[in-house]
Amino acid sequence: MHSQTVIVGGGMAGMSCALRLMERGEEFLLLTDVLGGRIMYSAGKDVNYGAYFVMSNYKHAQRIVEKDKRINPLDACFHKDEKTRFSTLSLHTIGSLLGFLRFISALLEFRKHYETYKERCLNIPQKEALAQDPYLERLFHLPAGDFIKEKKIEQVAADYVSKFAYACTGADINNITTVDFLNVSLGLLIPIYQLRFDQQAMTNKLGDHLIFDTIADITKGSTGYTLTATSGTTYEAENVVLATPATVTQKMLNLPEIRGACSLYVYHVAATLKPQYQKRGLNLFSSDSVLSLIARQKDGTFLIYSRKKDVDLSKICLEFKIIGTQEWDHAMYVYGGTYLDQTLGGGLFIAGDHNGLGLEPSAIAGIYAANQINRQ
Ligand SMILES: Cc1cc2nc3c(=O)[nH]c(=O)nc-3n(C[C@H](O)[C@H](O)[C@H](O)COP(=O)(O)OP(=O)(O)OC[C@H]3O[C@@H](n4cnc5c(N)ncnc54)[C@H](O)[C@@H]3O)c2cc1C
């Protein structure tokens, strides 16, 4: 089978690339084993087992997923240890007011730079967009822990913000970059919503462009690429966009180094939580706990997130029944400062969240790849 462009991988990056190519009337196929990728639902299709939220500034990702229920940051409990915890609004928060103000001022400055950077990334490589902004480039290489000391926000970070970042990234703030830390922390400043993805509507929209298949191998010939699928079918294309997870892309292209990924294990339970977890819809933890988040769902069930497998749920629940579990060995690429080139030459592109955390950077990377095709 031949097509001018083949996109491999139907997650946020691949779907965003596909929609852009559709708008431009380009000839392409989207080959994927699953549509949605790390956007994934429970069997009943109503609880997100993968990506959970979008922020109001996820303007490109919101072409693929819709906003659902608004997440209320005031409905959160921040657990310091087994015995000590704070609500978002409490006397403890008032005592931390100065630190909060310093943090918000830093976030506002970051937001200005970050929004410009994202817009630039639609048309120039992420590496180049970063080089155009020395403020952001410095933060990309600065561990979040150092930024926190620099801004003198250690207390607010320890009590609140690092727990929010841990819930969003599954990683300790000392192991992530300041850009990722501030990017997720924007969720404390701007509206944040649970997301909804209509897989059937997207399948219909993509129509004949969409083929469910798994690509095992890509080879370059004199006139283009040959992609061999596990089904035995081969696909020929002049352009290939690899929108597979970074670990898959690394293997397929033999890439030397990529950012490291955190693992996340999701337990969906019908449960009566222990009293210390009952008061608020969101329970957030410090990174020395294996638990990163407990989130009450609309139907009264709970999602429990852990960075380790085989959590002892009896320590969290008075009684529980497991509805479903999902293991993400490579949930989010958060560790290290490696930057992958997105354009590899000869009509080969990489798209995804290899260089930036979450749905919006993935969507932008997909659109960037589409914007390069037939314009090289
Ligand atoms: C538990 C969890 C919670 C998260 N929460 C959030 C959140 O709340 N907000 C947020 O912004 N981000 C969140 N993320 C991160 C977000 O999900 C990802 O950044 C984003 O979905 C990545 O999209 P992608 O298209 O780059 O990759 P993926 O979604 O991984 O898509 C890759 C696609 O490639 C396909 N594929 C793989 N190998 C092959 C092959 N050989 N042949 C064909 N197809 C192949 C896969 O099936 C998949 O469809 C979360 C991630 C996890 C795991």
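Trainee: Which residues does the domain assignment give to domain 1 and domain 2 of the protein chain?

Mentor: This is a predicted model, and its bounds come from an automatic or database assignment. Domain 2 is given as 70-191 + 260-335, while domain 1 is given as 2-47 + 197-259 + 336-372.

Trainee: How much area is buried between domain 1 and domain 2, and which three residues supply the most on the side of domain 1?

Mentor: The centres of the two domains, taken over C-alpha atoms, are separated by 28 Å, and 27 residues of domain 1 are in contact with 32 residues of domain 2. The area buried between them is about 2,500 Å², with carbon and sulfur atoms giving 58% of that area. Of the area that domain 1 buries against domain 2, 32% is supplied by three residues, more than by any other three: R259, Y339 and L357.

Trainee: What is the count of salt bridges between domain 1 and domain 2, and which element gives the most to the side of domain 1 that touches domain 2?

Mentor: The count of salt bridges between the domains is two, and twelve residue pairs are in polar contact. The elements that give two or more residues to the side of domain 1 touching domain 2 are α10 (246-253) and α11. The element that gives the most, with eight residues, is α11.

Trainee: How far apart are the end C-alpha atoms of helix α11, and are its residues mostly covered or uncovered?

Mentor: Helix α11 is mostly covered, with 14 of its 14 residues buried. Because the 14 residues of this helix (residues 359-372) should span 20 Å at 1.5 Å a residue, the distance between its end C-alpha atoms agrees with expectation, at 20 Å.

Note on methods. Residues are numbered from 1 along each chain as its sequence is written. This is a predicted model: local features need pLDDT of at least 70, side-chain atom pairs count only at pLDDT 80 or more; totals for chains, interfaces and linings use all residues. Side-chain values use heavy atoms; hydrogens and water are left out. Helices (H or I, at least four residues) and strands (E, at least two) are DSSP runs, numbered from the N terminus. The expected span of a helix is 1.5 Å times one less than its number of residues. Buried means under 20% relative accessible area, exposed over 50%, partly exposed in between (1.4 Å probe, protein chains only). Contact means heavy atoms within 4.5 Å. Buried area is the accessible area (1.4 Å probe) that two parts lose on being put together, summed over both. A salt bridge is a side-chain nitrogen of Lys or Arg within 4 Å of a carboxyl oxygen of Asp or Glu. A polar contact is a pair of N or O atoms within 3.5 Å; within protein, one must be able to donate a hydrogen and the other to accept it, and residues adjacent in sequence count only if both atoms are side-chain atoms.
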